[in-house]
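Visitor: Please pick one strand of this model and look closely at its surroundings. Give the cut-offs for each term as you go.

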Amino acid sequence: MYVQILADVVVLHLRLAVLKNYDYIINIDIMKPINADNSPCAPQSSNCVIWQGPDIECINLCTGDTISDTISKLATELCNIMTTLKISSYDLSCFDLATCPPTEFKELIQLLITKICALENVSTSSSGGESTGDCPSSCIMTIESCLLTGTETTMNLTDYVNLIAKKVCSLVTDITLLQNQINSLDIRVTALESAPAPTFTMPSFSVQCTLGATVVFPGSYTLTEILTDLVNDSTYGYCALLGQLGLPAALALGISRKCILQATTSLASITGADMSTEYVDFVNDASSDTIAEAVNNLWISLCDVRTYLATFEVKSIDTNTIDLTVTKDLPATTYGDMGFTLSAKLVDTGWLDLDGFTHQGGTVGLPQARRIGNVVHFRGDIYIPLMNAGGTGVEGMTTPDTYRTVARNITALAVIGGVTDVSGIVYFNENNSVVPGTIMDPGTPFENIVGLGGGNIIATRQVAVDTGTVLMTAFMEVYMSTDQKLYYKSLDILESNSADTASYDGTSAANFITTNAVNGASVPNYNNGPLGNLHSNAIRTEPSYQTSGLLIVGQMYTIYNFVAGDDFTNVGAAANATKQTFIATGTTPTTWTNSSTIATGPGLGFGTQSDGGGGYADYPFDLNASDYRELGGFKFSLDGLMCYIDPCNVDIQPSKVCP
């Protein structure tokens with residue numbers, strides 16, 4: 001309540017201030033006589049005099065109002081002030097005054113100030129340098145932050161009340177202004193709501209093309225019709241177009257996928273220029289970011305490809321394993337056909353007979369070779385030509401068994417169709433290439449000398465002896481030279497060297513797998529005789545037999561037929577039994593009086609005789625298989641032999657980049 005009363009007091013104060021201004025204005029502007037003659041004067045209506053002072057908003061007084069209205073408003077305001085100043089206008093029962101109530105307005109104000117100070121616990125005594133005295137002039141108040149105007153944060157109550165009054169008056173003025181603006185807006189809104197809705201006639205346009213189902217060329221249509229079809233028509237509309245073209249982001253992504261750039265080499269350019277050099281209209285990468293520019297570059301690129309293809313030619317380069325053939329397709333009836341057919345086949349000569357082996361006629365079959373790519377493969381059996389009986393040519397073959405029954409072993413050297421000896425090395429086909437020219441040119445070399453079986457082989461020959469067959473064996477080396485020549489080296493050549501001053505021919509272990517037969521000598525029976533030391537010199541001779549006498553110390557013996565009662569254990573025999581082989585440690589057995597048969601050597605030839613007649617089969621001719629001159633009729637196989645041709649050789653199509 002105290003605050004409300006105080007607020008009323010502030011308002012009253014303000015109104016009094018206004019009245020003071022009015023009084024000044026009236027004295028100057030209104031009450032001034034309109035003529036200098038004081039008597040008699042002509043009567044003048046107050047309605048004819050107007051207010052020329054400023055607008056006074058707090059009493060709603062405006063410049064141009066009549067003096068009658070001005071006086072009326074001032075009188076009304078004065079009456080309100082006088083009513084406000086009456087003590088009886090206020091209910092002071094809540095103060096519960098023990099003394100007489102105030103009779104003047106000043107006493108009322110003082111009472112209110114005192115009550116306010118009491119309620120706010122404001123001391124009226126001086127403390128800490130503050131002023132002393134009674135409220136309100138000596139009551140110090142703290143100024144609220146929203147009312148601060150300088151650096152001072154406190155003031156006495158009277159000044160504080162005046163400050164609040166001014167602030168309140170300012171707020172009242174602002175509220176009045178706002179209310180006036182609201183009233184003005186309200187008038188305008190009411191006018192707009194009351195006004196009839198405007199009418200607008202949609203313009204029409206002539207279309208130059210069909211835009212949809214309702215907008216068809218030729219014709220004139222309203223903007224609404226045109227926009228409706230442009231946006232919504234399922235065939236011509238923007239929405240349909242957007243569904244087909246995609247959103248701008250999708251179009252931008254499509255444009256960004258360009259792979260033919262200004263630095264890309266033109267296919268059709270003879271000089272190998274890039275696209276921007278070859279075509280002046282080609283849009284560079286940094287600028288090509290629209291559909292129009294993308295289409296421009298696509299057309300240029302397409303034309304570049306078409307120009308290139310117009311003279312396009314497919315060429316084939318054969319490899320050493322593949323023959324390529326390019327055939328241009330025949331043009332179609334209506335349109336040109338730029339198609340090509342590329343066919344390929346494996347470079348394979350097939351199996352062809354080697355040269356120089358005509359002696360292997362009949363059913364024997366000739367050795368063969370075939371080239372696949374740059375590799376020549378070999379197969380078949382090689383029979384070393386056998387000299388005929390007259391020593392003038394090659395013994396012909398009609399079957400693989402022909403040479404078995406021929407009792408000769410001389411190699412067909414230096415005769416037509418035979419072989420050629422060059423310092424003991426024997427070359428087939430009279431020292432010429434054995435590879436047919438249809439497989440490779442005679443002048444085309446192999447990359448390396450290739451040895452059959454790694455070089456070392458065992459050649460064999462079957463020889464008929466009485467009613468059986470003896471297999472002759474020969475250790476040798478067989479090679480294919482780089483100039484396509486097939487040759488062999490016999491054991492006697494392998495056991496010698498041009499630097500030798502003394503010969504050790506016949507000393508290598510290879511001699512024990514190489515036949516050395518003596519004409520008329522018994523053929524050893526390795527199967528039935530007791531196994532002994534095969535390195536014995538007795539291998540190629542018939543053993544000597546004795547039934548009594550003295551033995552030779554260090555000689556190998558075999559008990560060929562033991563007769564009970566004899567005893568050879570004291571001269572080295574492990575047991576007294578048939579087929580026991582021993583080396584004599586003494587000359588005289590303990591007992592040798594019962595005619596037990598002792599043979600020299602390891603017991604070769606034991607068992608049933610091969611001729612079945614009680615004797616031993618004999619070799620039909622001399623044969624030293626370590627001698628290249630005595631190997632006529634021996635056989636070996638070429639199966640698995642492969643020789644390589646340099647891929648860069650002009651005789652075959654290269655399969656790699658050659659220098």
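Guide: Of the 659 residues in the protein chain, 33% are buried (under 20% relative accessible area; over 50% is exposed, in between is partly exposed; 1.4 Å probe, protein chains only). The model is predicted: local features need pLDDT of at least 70 and side-chain atom pairs pLDDT 80 or more, while totals for chains, interfaces and linings use all residues. Residues are numbered from 1 along each chain as its sequence is written, and side-chain values use heavy atoms, without hydrogens or water.

The chain has 10 helices and 23 strands (DSSP runs numbered from the N terminus: H or I of at least four residues for helices, E of at least two for strands). Among contacts in the protein chain with a separation of 6 or more, 54% join residues 24 or more positions apart; a contact means heavy atoms within 4.5 Å.

The part to look at is strand β14, residues 468–480. Because 10 of its 13 residues are buried, β14 is largely enclosed by the rest of the structure. One partner of β14 is strand β13, residues 450–465, and the two pair in the antiparallel sense over 12 bridges (two strands pair if DSSP finds at least two bridges between them). Val 450 stands opposite Met 480 in β14. A hairpin with 2 residues between the strands connects β13 and β14, and Asp 466 in its turn has a positive phi of about 50°.

Strand β15, residues 486–490, also pairs with β14 in the antiparallel sense, over 5 bridges. Here Met 476 is opposite Ser 490 in β15. The hairpin of β14 and β15 has 5 residues between the strands, and Gln 484 takes a positive phi near 70°.

Met 476 also has a place in the largest nonpolar core, which has 45 residues (buried Ala, Val, Leu, Ile, Met, Phe, Trp, Tyr and Cys joined through side-chain atoms within 4.5 Å). Phe 378, Phe 428, Met 476 and Phe 636 touch the most other members of that core. At least two of the core residues come from each of β9 (375–379), β13, β14 and β15. Phe 378, leaving aside residues up to four places away in sequence, touches residues including Met 480, Phe 446, Val 435 and Trp 351.

The aromatic rings around β15 give another view of this region. There are 9 aromatic pairs, counted where ring centres of Phe, Tyr and Trp (its six-membered ring) lie within 6.5 Å; planes under 30 degrees apart are stacked, over 60 edge-to-face and the rest tilted. The rings of Phe 428 and Tyr 488 have centres 5.9 Å apart and planes at 55°, so this pair is tilted. Phe 428 lies in the loop between β12 (425–427) and β13 and Tyr 488 in β15, so the pair ties together parts that are 60 residues apart in sequence. Phe 428 is buried, at a relative accessible area of 0%, and Tyr 488 is buried at 0% as well. Ring pairs link these two with Phe 357 and Phe 636 into a cluster.

Apart from this core, there is a second, separate core of 10 residues that includes Tyr 557, Val 571, Ala 584 and Ile 598. Tyr 557 has Phe 582 in β19 as its bridge partner.
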